[in-house]
Amino acid sequence: MEMCYDGTLVMPGSYAVMSEDEMLYVEGGETIAYNVGFLSKTFCFGYATTYKILKKWNNISCSSLAAEIFFHAALYYRGATVIGSWLAKAGGKIGNAAKTISTSIGNGIDVENGRDTRTICGIQRWMIYETFYEICPGL
């Protein structure tokens, strides 16, 4: 059935415009509630391992999932300044990402069965998460 609109398309009052990147999280992603235990890399790895098994996810490694969880918890509980100071040690594009990273705080940690390929400062987010996970000893 073909539809033709001759006038202005009127959307419901409660609709939300989403970019293609945001749709990735709507389709197949989940949100994990913040937990102060996520400031421990060991705790994050254990949580990620269990989460992957329960969800039967196979497109992301335990360490990649743990890195994403750890990063977002550090940002939520310690703030962009702490994240920025650690990422600045990495230098280059990842160091520059520290300036815009505070936009990653949400109502939880959005994860999916795959690495986060959205970009900040021209670099994929999963690279930022994993670099932070490697260089930061824990918070």
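These legends describe close-up views of a predicted model.

**View 1. Tyr34 and Tyr76 form a stacked aromatic pair.** The structure holds 11 aromatic pairs. In the pair of Tyr34 and Tyr76, the ring centres are 3.7 Å apart and the planes differ by 5 degrees. Tyr34 belongs to the loop between β1 (30–32) and α2 (41–55), and Tyr76 belongs to helix α3 (residues 62–78), so the pair ties together parts that are 42 residues apart in sequence. Tyr34 has a relative accessibility of 15% and counts as buried, because buried means under 20%. Tyr76, at 41% relative accessibility, counts as partly exposed.

**View 2. Phe38 and Tyr47 form an edge-to-face aromatic pair.** The distance from centre to centre is 4.9 Å, and the planes of Phe38 and Tyr47 stand at 75 degrees. Phe38 is buried, with a relative accessible area of 1%. Tyr47 is partly exposed, with a relative accessible area of 29%. Phe38 and Tyr47 are also members of a cluster linked by ring pairs, together with Phe43, Tyr51 and Trp57.

**View 3. Helices α2 and α3 cross at an oblique angle.** The two axes come within 8 Å, and the crossing angle of α2 and α3 is roughly 125 degrees. Angles of 65 to 115 degrees count as roughly perpendicular and those over 145 as roughly antiparallel, and α2 and α3 are therefore oblique to each other. The crossing of α2 and α3 is right-handed. On the α2 side, the residues in contact are Lys41, Cys44, Phe45, Tyr47, Ala48, Thr49, Tyr51 and Lys52. On the α3 side, they are Cys62, Ser63, Leu65, Ala66, Ile69 and Phe70. Tyr47 and Tyr51, listed here for α2, also belong to the aromatic cluster of View 2.

**View 4. Helices α3 and α6 are roughly perpendicular to each other.** The axes of α3 and helix α6 (residues 125–135) come within 8 Å and cross at roughly 80 degrees. The α3 residues that meet α6 are Ser64, Ala66, Ala67, Glu68, Phe70, Phe71, His72 and Ala74. Their partners in α6 are Ile128, Tyr129, Glu130, Phe132 and Tyr133. Ala66 and Phe70 of α3 meet α6, and Ala66 and Phe70 are also among the α3 residues that meet α2.

**View 5. Charged side chains of Lys89 and Arg115 lie over tryptophan rings.** The charged end of Lys89 is placed over the ring of Trp86, 3.8 Å from the ring centre. Arg115 lies over the face of Trp126, at 3.7 Å from the ring centre.

**View 6. Lys56 and Cys121 have a positive phi.** Most residues other than glycine have a negative phi. Lys56, which is not a glycine, has a positive phi of about 60 degrees. Lys56 is found in the loop between α2 and α3. With a relative accessible area of 71%, Lys56 is exposed. Cys121, also not a glycine, has a positive phi of about 55 degrees. Cys121 is found in the loop between β3 (119–120) and β4 (123–124). At 39% relative accessibility, Cys121 counts as partly exposed.

Key:
Residues numbered from 1 in each chain as written. Predicted model: local features only at pLDDT ≥ 70, side-chain atom pairs only at ≥ 80, totals over all residues. Heavy atoms only, no water. Phe/Tyr/Trp six-rings, centres within 6.5 Å; stacked < 30°, edge-to-face > 60°. Helix = DSSP H or I, 4+ residues; strand = E, 2+ residues; numbered from the N terminus. Buried < 20%, exposed > 50% of the residue type's maximum accessible area, 1.4 Å probe, protein only. Lys NZ or Arg CZ within 6 Å of the ring centre and 35° of its normal. Axes fitted to C-alpha atoms, helices over the stretch in contact; angles between N-to-C directions. Parallel < 35°, antiparallel > 145°, perpendicular 65-115°, else oblique. Left-handed = near helix turned anticlockwise from the far one by under 90°. Contact = heavy atoms within 4.5 Å.
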